Amino acid sequence: MTEGRFPFVARLRAPLGLLVVVLAGPLAAQAPDPLLGTWKLNVAKSRFSPLPPPMSQTVRIESVAEGRHKVTNDTVAADGRTAHTEYTAANDGKDYPMEGSFLVDTVSGKRIDARTVERTDKKGGKVVQTLRTQASADGKTLTVTIKATSAQGQAVNVTAVYER
C-alpha cells in the first residue's frame, strides 16, 4: 500500500469515568503528517459540560506499521487521579482493543476527510461515546468534540483543544 498514515488521538478523563480517545487514518503519501507527535490539552481553551476538566493530559501518537498507529494517553483528572491508556489501531472501521480504561474496551475509527476523523468507543460491544476530531489547517491544534451519556443518564458534551 502506498498510502501514508495520518493518526490522531485525544483523550479526557473525569470523575464520571469519561475516557476519550480519537484516532485518524491514512492520507496520500505526499501529504505531511501533522498529527504524529506529542499533544497537550489546553484546558483554558477547552469546554467540559457537565464534567470538571482534567488538570492535564498528554497524548503521544506514533506510526508503528503500515496503516497502524500507537496512541498513548496520560491524564491527571480534576481530583488528582492519574490514568494511562494505550492502543494500536488502523482507521478501517474495525474494533481494536484499548488497554487501561475502565470505560472503553474497544475503539473504532473512520476517516471522513483529510483533517476529520470520527471514532466510536465501546464497552462490552455497546457504544459509550462518539468523537469527531478536526485538525487545524496549520497542524498546530486539534479540536475534539465528544458526545456521551454519563452513568446518571446526563448528556456529556466536551470540546477539547490540544496543542503541540
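These are my notebook entries on what I looked up in this structure, which is a predicted model.

**Entry 1: the whole chain**

I began with the secondary structure, and for the protein chain I found zero helices and eleven strands. Reading along the sequence, I wrote the pattern down as β-β-β-β-β-β-β-β-β-β-β. I then looked up burial, and of the 164 residues in the protein chain, 46% count as buried. For the surface I noted that the protein chain exposes about 7,700 Å², with carbon and sulfur atoms supplying 52% of that area. I also looked at how contacts are spread along the sequence: among those between residues at least 6 apart, 45% join residues at least 24 apart.

**Entry 2: proline 97 and strand β6**

I turned next to proline 97, which I located in strand β6, covering residues 96-97. Is proline 97 buried or exposed? Its relative accessibility is 55%, and because the cut-off for exposed is over 50%, proline 97 counts as exposed. Setting aside the neighbours within four places in sequence, I found proline 97 in contact with Tyr87, Asp105 and Thr106. Threonine 106 came up again when I checked the strand pairing, since proline 97 stands opposite threonine 106 in β7. I also noted the distance from proline 97 to glutamate 86, which is 9.0 Å from C-alpha to C-alpha, with the two residues eleven apart in sequence.

**Entry 3: from β6 through β7 to β8**

I followed the pairing onward from there. Strand β6 is joined to strand β7 (residues 106-113) by two bridges, and the two strands run antiparallel. In the loop between β6 and β7 I found serine 101, which is buried, with a relative accessible area of 15%. What lies close to the side chain of serine 101, I asked, and I found that one of its polar atoms is 3.1 Å from the backbone nitrogen of leucine 103. The backbone nitrogen of valine 104 also lies 2.9 Å from a polar atom of the serine 101 side chain.

How many bridges pair β7 with β8? I recorded seven bridges, in the antiparallel sense, and I noted that a hairpin joins β7 to β8 through two residues. Within this pairing, glycine 109 stands opposite arginine 119 in β8.

**Entry 4: valine 117 in β8**

Staying in strand β8, I looked up valine 117. At 2% relative accessibility, valine 117 counts as buried. I noted its distance to leucine 131 as well: the two residues are 14 apart in sequence and 8.1 Å apart in space, taken from C-alpha to C-alpha. As a reminder to myself, I wrote that in a regular strand the side chains alternate between the two faces of the sheet.

**Entry 5: the salt bridges**

I then asked how many salt bridges the structure holds, and the count is seven. My reminder here is that side chains of opposite charge can pair when their charged atoms come close. I followed up three of these pairs.

For glutamate 118 and arginine 132, I found a salt bridge in which the closest N and O atoms are 2.3 Å apart. This pair links distant parts of the chain, with glutamate 118 in strand β8 (residues 116-123) and arginine 132 in strand β9 (residues 126-135), 14 residues apart. Glutamate 118 is partly exposed, with a relative accessible area of 34%, and arginine 132 is also partly exposed, with 38%.

Glutamate 86, which I had met in the distance to proline 97, forms a salt bridge with lysine 70, and the N to O distance is 3.7 Å. Glutamate 86 belongs to strand β5 (residues 82-89) and lysine 70 to strand β4 (residues 68-76), so this pair ties together parts that are 16 residues apart in sequence. I noted glutamate 86 as partly exposed at 23% relative accessibility, while lysine 70 is partly exposed with a relative accessible area of 27%.

Arginine 60 and glutamate 62 also form a salt bridge, with 3.4 Å between the closest N and O atoms. Are these two residues buried or exposed? Arginine 60 has 43% relative accessibility and counts as partly exposed, and glutamate 62, at 27%, counts as partly exposed as well.

Key
Residues are numbered from 1 along each chain as its sequence is written. This is a predicted model: local features need pLDDT of at least 70, side-chain atom pairs count only at pLDDT 80 or more; totals for chains, interfaces and linings use all residues. Side-chain values use heavy atoms; hydrogens and water are left out. Helices (H or I, at least four residues) and strands (E, at least two) are DSSP runs, numbered from the N terminus. Buried means under 20% relative accessible area, exposed over 50%, partly exposed in between (1.4 Å probe, protein chains only). Contact means heavy atoms within 4.5 Å. Accessible areas come from the Shrake-Rupley method with a 1.4 Å probe; for residues, only the protein chains shown count as cover. A salt bridge is a side-chain nitrogen of Lys or Arg within 4 Å of a carboxyl oxygen of Asp or Glu. Two strands pair if DSSP finds at least two bridges between them. A polar contact is a pair of N or O atoms within 3.5 Å; within protein, one must be able to donate a hydrogen and the other to accept it, and residues adjacent in sequence count only if both atoms are side-chain atoms.
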